[in-house]
Amino acid sequence: MEHTQMWKAQTLEELVQILHHLFAGDKVNVAEVQALMDSYDSNPLEWMQYAKFDQYRYTRNLVDQGNGKFNLMILCWGEGHGSSIHDHTDSHCFMKVLQGNLKETLFEWPNKKGIGEMMKKSERVLRENQCAYINDSIGLHRVENTSHTECAVSLHLYSPPFETCSTFDQRTGHKQKVRMTFYSQFGERTPCATAVLQENN
Amino acid sequence: METQQPDEASAGGEAGAAGAGAAVVVPARRGGGGGGAAEEEGGLAADLASRRSAETRRLVLSQRRLPGPLPPGLARWFPALEVLDVSGTGLAALGSELLSLPRLHTLLAKNNRLGGPGSLPKGLAEAPLLGRSLRVLNLSGNRFAELPAALLGLRGLQSLSLGSNRLHSIPPEIQELRSLEFLYLGGNFITSIPPELASLPSLSYLVLCDNKIQSVPPQLAQLHSLRSLSLHNNLLTYLPREILNLVHLEELSLRGNPLVVRFVRDLTYNPPSLQELAGRTIKSRNVSYTPGDLPGNLLRYLHLASNCPNPKCGGVYFDSCVRQIKFVDFCGKYRLPLMHYLCSPECSSPCSSASQSSTSQSESDSEDEAIVAAHRMQKVLLG
């Protein structure tokens with residue numbers, strides 16, 4: 001059993017530094033990473049520059065590329081913004097709320113034929129500074145900012161990094177591969193054309 | 001003193017910081033100190049007066065309990081004010097102190113106690129400068145039971161948020177907000193959408209999630225500039241087929257609606273009334289008439305004829321029509337149940353494939369029985 005060291009990140013910059021250290025090798029100690037993410041007390045002044053909101057949908061803003069071992073990004077959710085049900089392409093996914101609240105709904109994988117309403121496993125509301133973990137063996141999830149008055153901001157860590165994933169229609173289990181894009185990278189807006197309709201079902 | 005809160009850059013279309021030295025954030029007063037509400041009110045006025053500036057463009061008073069209404073001197077102390085944020089202050093009314101703010105374009109008053117009569121100043125829309133300058137208004141998290149009439153004349157308003165209030169309906173007069181691009185009405189008790197909403201020429205973001213909406217009027221398809229439509233968590237069982245016309249739509253949310261997956265079997269068929277049959281004859285045979293020939297109600301009735309969507313039919317219908325659920329691939333993705341209105345059971349669905357005698361295997365599967373041959377046409381009533 002690996003020894004789990006307890007880290008404390010005082011600032012976002014420190015969090016990134018420690019993450020580089022934790023991901024230097026080949027193995028990921030999930031408990032250690034989660035404890036580290038938990039330990040960082042969200043300070044908006046430290047991440048404001050990455051928090052770029054879009055009027056129409058949630059945004060993904062790249063913060064650090066972890067020497068190719070992970071992607072660290074900040075997601076900005078306007079009022080009512082939510083994601084589709086999606087998988088994580090065999091990667092670890094850590095999600096920490098930096099501001100506001102996010103509802104996470106877990107789903108079972110649909111059966112092979114992808115017919116019939118998908119089965120909800122559980123749901124919870126993540127509050128500020130809470131950190132969740134998911135990977136494909138745990139299941140699929142949908143993340144939403146259900147507030148009609150407040151925005152939400154979350155910090156996501158994916159390892160290994162991935163650019164595509166599958167989204168699922170809750171009513172039928174039908175899945176579709178999608179390519180994910182960044183709204184900004186390292187604080188700079190990086191527009192790219194979206195030709196495909198984003199349907200969050 | 002200048003603090004830019006990250007959530008000021010939110011999706012509500014709010015303006016960003018106007019620039020260094022142009023923002024004033026007034027922190028909550030510390031300590032109780034004797035005195036009642038009157039002293040506190042006076043305290044707020046004194047506090048604001050002491051910060052008066054002809055350069056201040058942005059004033060943030062949020063997240064502190066205000067003892068009373070905003071002081072009347074506001075416009076005198078901050079004549080250049082462009083953005084006012086009084087969210088989370090417990091305000092029960094916004095008054096005439098706002099009307100003389102000549103440059104105010106963004107007013108954020110979410111999470112307050114607004115909603116009763118007199119919550120908004122009378123003459124808001126008529127105010128010579130404010131009525132035209134106001135572009136963004138956020139009244140989310142208040143207690144409005146209906147869309148405040150005071151707003152309806154704000155012809156320059158581009159963004160309106162009334163999320164998490166107590167609205168039961170949207171007034172047809174909403175069409176008077178000609179400049180509206182962003183309309184957020186999520187989290188209310190709205191049961192239907194007025195077709196007049198579709199007259200808003202610039203609407204690009206429409207949020208109606210978390211309401212009690214049972215149907216979407218087909219006229220909504222006239223919103224050519226609509227980019228994002230949020231309808232999740234409502235009571236929709238189907239959508240009008242016209243929704244396919246929203247070619248600029250990039251985001252659509254429909255989850256949490258009881259959308260039909262299978263055909264609902266035949267219930268009852270109501271044959272058309274004599275009035276309807278007469279109306280159809282007049283229209284399809286181009287029987288000419290002048291306004292003097294008919295009573296006003298019949299003239300209006302004839303005007304409401306809808307064309308049968310079947311391009312080969314060319315017929316019209318008024319109230320009596322066959323409603324058929326047809327499952328259509330939306331933008332090549334998921335199958336959505338769309339409602340077709342046809343003038344009679346003999347008419348066939350305009351989207352159906354050429355073969356009409358039996359369901360074509362390529363389109364039907366165990367999930368839907370969408371293609372209905374003319375001789376099997378079922379009328380579906382979804383109540």
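In this predicted model, the cover over the buried residues of helix 2 of chain A includes helix 1 (12–22), strand 4, strand 7 and strand 9 (152–159) of chain A. Helix 2 spans residues 30–39, and its buried residues are A:E32, A:V33, A:A35, A:L36, A:M37 and A:S39.

Two of these covering elements, strand 4 and strand 7 of chain A, are also joined to each other: they run antiparallel and are linked by four bridges. Strand 4 comprises residues 92–99. One bridge pairs A:K96 with A:C131 of strand 7. Strand 7, residues 131–134, is covered on both faces. On one side A:C131 and A:Y133 are buried, and on the other side A:A132 and A:I134 are buried.

**The annotated histidines of chain A**

An unreviewed UniProt entry lists A:H86, A:H88 and A:H141 under "binding site". These residues are spread over 56 residues of sequence, yet they cluster in space, with a largest C-alpha distance of 9.3 Å. Two of the listed histidines, A:H88 and A:H141, are described below.

A:H88 is located in the loop that connects strand 3 (85–86) to strand 4 of chain A, whereas A:H141 belongs to strand 8 (residues 140–144) of chain A. The burial of each is as follows.

| Residue | Relative accessible area | Class |
|---|---|---|
| A:H88 | 1% | buried |
| A:H141 | 2% | buried |

A:H88 counts as buried because its relative accessibility of 1% falls under the 20% cut-off. A:H141 is likewise buried, since its value of 2% is also under 20%.

The side chains of A:H141 and A:H88 are joined by a polar contact of 3.1 Å. Leaving aside residues up to four places away in sequence, A:H88 touches A:C93, A:I134, A:D136, A:H141, A:Y158 and A:F162. With that same exclusion, the residues touched by A:H141 include A:H86 and A:H88, and also A:S84, A:I85, A:M95, A:E104, A:T105, A:L106 and A:I134. A:I134 thus appears among the contacts of A:H88 and among those of A:H141; this residue is one of the buried residues of strand 7.

**Chain B**

Chain B contains five helices and 15 strands. Of its 383 residues, 50% count as buried. Among contacts in chain B between residues at least 6 apart in sequence, 48% join residues at least 24 apart. The exposed surface of chain B amounts to about 17,100 Å², of which carbon and sulfur atoms supply 51%.

Terms used: Residues are numbered from 1 along each chain as its sequence is written. Chains are lettered from A and ligands numbered from 1 in the order in which they are written. This is a predicted model: local features need pLDDT of at least 70, side-chain atom pairs count only at pLDDT 80 or more; totals for chains, interfaces and linings use all residues. Side-chain values use heavy atoms; hydrogens and water are left out. Buried means under 20% relative accessible area, exposed over 50%, partly exposed in between (1.4 Å probe, protein chains only). Helices (H or I, at least four residues) and strands (E, at least two) are DSSP runs, numbered from the N terminus. Two strands pair if DSSP finds at least two bridges between them. Contact means heavy atoms within 4.5 Å. Accessible areas come from the Shrake-Rupley method with a 1.4 Å probe; for residues, only the protein chains shown count as cover. UniProt positions are given in the numbering used here, feature names are shortened, and annotations may be inferred rather than shown by experiment. A polar contact is a pair of N or O atoms within 3.5 Å; within protein, one must be able to donate a hydrogen and the other to accept it, and residues adjacent in sequence count only if both atoms are side-chain atoms.
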